[in-house]
Amino acid sequence: MDRVLDDPNTLQEAVVYFADADNCLNYLSARRWPNGVVCPTCGSKNVGLIASRRMFQCKTRHPKAQFSVKLGTIFEDSPLGLEKWLPAMWMIASDRNGISSWELHRALGVTQKTAWFMLHRIRLAMQDEQNGGKLSGEVEVDETFIGAKARNMHADERAKKITGTGGQGKAIVAAVLERGGKVRAKVVGTRRKHELQAMVREHVEPKSALYSDALKSYDGLSEEYAHQVIDHAQAYVNGNVHTNNCENFWSVFKRSLKGTYVSVEPFHLFRYVDEQAFRYNNKLPMKDSERFSYLVRKVVGKRLTYTELIGKEDKKSGIEAV
Ligand SMILES: [Zn+2]
């Protein structure tokens, strides 16, 4: 008698569940096409399944009438099966500190470089589409230096990339965070007024309560926001006036960079910021299975080739196809 498996709730259940190719297909297509399969080329819903090949067939005549569930997602062109991709996504979505390419390499039996590329594609899926509207209520804004390593970089290139990004080889990440709500974080070029204030205006509803430290770049926001400043030279908290939630976000982020991702290059830092923001924005009480399901829905319409990832044409040697 066939046993009908429920959706997995733990990593172990996920590995077992997604070892079955039909479960992979059904899980992903149900999230990608909640109202029935739609042809990615022509938009028709008149689509059949070729069960033996796990391919869909659009009944309208046109090129690419046969398509796989991977087409038009971060998995497109990947020779790796969903039985590896989906547990990898479960791991990175569920672990509080992230998963390194070395851990993934050992867990899945793919090379470390392949695992590294997979993780970056998954981070692209994690990227916030920012369609949830602006932050409001009580919002903190803060920025921090990240001591990203400039290893493997030619001296000229290093000078070009690092100068003006905070000096001393550091990158700057800025965040706006709604208390009890979401965070928006990104790598910024400078800590100058125009850059930080543009980020506040882009992400925070006017008239919200806004809390920052005494950095001069935040001066002038009080015309649009109920802006209050905590001068860290004097105190870290004054009643409601603090940026402790941002501080906590930075400390978790830096711990994961130090402990898990030991050699992040500045060029890739924004992807780790996206990952950390995803984890923060989908934290408890959201269950692992819900967070994973949400991430699977976000794979559609996103592509990242290896060349795009490294920003160069000539580094392809040494990596197997992903
Ligand atoms: Zn079609």
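The following exchange covers a sheet and a helix pair in a predicted model.

Local features need pLDDT of at least 70 and side-chain atom pairs count only at pLDDT 80 or more, while totals for chains, interfaces and linings use all residues. Residues are numbered from 1 along each chain as its sequence is written, and side-chain values use heavy atoms, without hydrogens and water.

Colleague: Which strands stand at the edges of the open sheet?
Modeller: Strands (E, at least two residues) and helices (H or I, at least four) are DSSP runs numbered from the N terminus, and two strands pair if DSSP finds at least two bridges between them. The sheet has 5 strands in the order E6-E5-E4-E7-E8, with mixed pairing. One side of each edge strand has no neighbour in the sheet because each has a single partner strand; these are E6 (183-188) and E8 (226-230).

Colleague: Which residue in E8 does Ser212 stand opposite?
Modeller: Strand E7 (residues 209-213) runs parallel to E8, joined by 5 bridges. Opposite Ser212 in E8 is Val229.

Colleague: Is H3 parallel, perpendicular or oblique to H4?
Modeller: The axes of H3 (residues 82-94) and H4 (residues 101-108) come within 11 Å and cross at roughly 135 degrees. Axes are lines fitted to C-alpha atoms, for helices over the stretch in contact (heavy atoms within 4.5 Å), and angles run from 0 to 180 degrees between N-to-C directions. Angles under 35 degrees count as roughly parallel, over 145 as roughly antiparallel, 65 to 115 as roughly perpendicular and the rest as oblique. The crossing angle therefore makes H3 to H4 oblique.

Colleague: Which residues of H4 make the contact with H3?
Modeller: From H3, the contact uses Lys84, Ala88 and Met91. The H4 residues are Leu104, Ala107 and Leu108.
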